[in-house]
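Trainee: I'm new to this one. Could you take me through its charged side chains, and the pairs they make, up close?

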Amino acid sequence: MKKVVRLLQALADENRLRALLALERGELCACQLVELLRLAPSTVSQHMGILRRAGLVAAEKRGRWMYYRTADEEASPPVGRAKAFLHTCLQETAPILRDRKRLAAILRRDPHELCRRQNRRAASAGQAAGGRGRQRRSR
């Protein structure tokens, strides 16, 4: 029963559903998922961890890069049925069709450059936030 509850909880978030359906197209690097979902890397990591614990996604770290794929071989029968249900219900919805177009464009880009760009953006945001924080404390 607990496994089914964990599975249903994992599926109860639109971003996790979008990530799961994007992975139907094949393995994706974390930076590609970040770009697709337009979420912070830490948020995407949390979502993917939830999907992994539910048995929906498998992950593999290669060097600095984390890659995700659907857990086809390892999937339990309830996971397989849930994935088939989602595919049938959501594959032609507007958000998923938009994601497919975005993903096609993302896949044409070099994933290493994509990740470098995201890291630069995160560093810039961190420096900007750090500067504001110091100003507040000095008042």
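Mentor: Let's start with a term: a residue is buried under 20% relative accessible area, exposed over 50%, and partly exposed in between. Keep in mind that this is a predicted model. By that yardstick Arg109, with a relative accessible area of 35%, is partly exposed. Its salt-bridge partner is Glu35, and the closest N and O atoms of the two are 3.6 Å apart. Glu35 sits in helix 3 and Arg109 in the loop between helix 6 and helix 7, so this pair ties together parts that are 74 residues apart in sequence. Glu35 has a relative accessible area of 12%, so it is buried.

The structure holds 8 salt bridges, so let's look at another. Glu27 pairs with Arg62, with 2.7 Å between the closest N and O atoms. Here Glu27 comes from the loop between helix 2 and strand 1 while Arg62 belongs to strand 2, so parts 35 residues apart in sequence are tied together. Glu27, at 36%, is partly exposed, and Arg62, at 33%, is partly exposed too.

Then there's Glu113, which meets Arg120 in a salt bridge at 3.3 Å, N to O. Glu113 is partly exposed at 35%, and so is Arg120 at 47%. Back at Arg62, salt bridges with shared partners join Glu27, Glu60 and Arg62 into one network.

Finally, have a look at the positive surface patch made by Lys2, Lys3, Arg6, Arg52 and Arg53. Helix 1 gives the largest share, 3 residues, and helix 4 also supplies at least two. Arg53 is in helix 4 and counts as exposed, at 57% relative accessibility.

Definitions and conventions. Residues are numbered from 1 along each chain as its sequence is written. This is a predicted model: local features need pLDDT of at least 70, side-chain atom pairs count only at pLDDT 80 or more; totals for chains, interfaces and linings use all residues. Side-chain values use heavy atoms; hydrogens and water are left out. Patches are made of residues with over 30% relative accessible area and no salt bridge: like charges are joined within 9 Å, nonpolar side chains (Val, Leu, Ile, Met, Phe, Trp, Tyr) within 5 Å. Accessible areas come from the Shrake-Rupley method with a 1.4 Å probe; for residues, only the protein chains shown count as cover. A salt bridge is a side-chain nitrogen of Lys or Arg within 4 Å of a carboxyl oxygen of Asp or Glu. Lys and Arg count as positive and Asp and Glu as negative; His and the chain ends are not counted. The place of a charge is taken as NZ of Lys, CZ of Arg, CG of Asp or CD of Glu. Helices (H or I, at least four residues) and strands (E, at least two) are DSSP runs, numbered from the N terminus. Buried means under 20% relative accessible area, exposed over 50%, partly exposed in between (1.4 Å probe, protein chains only).
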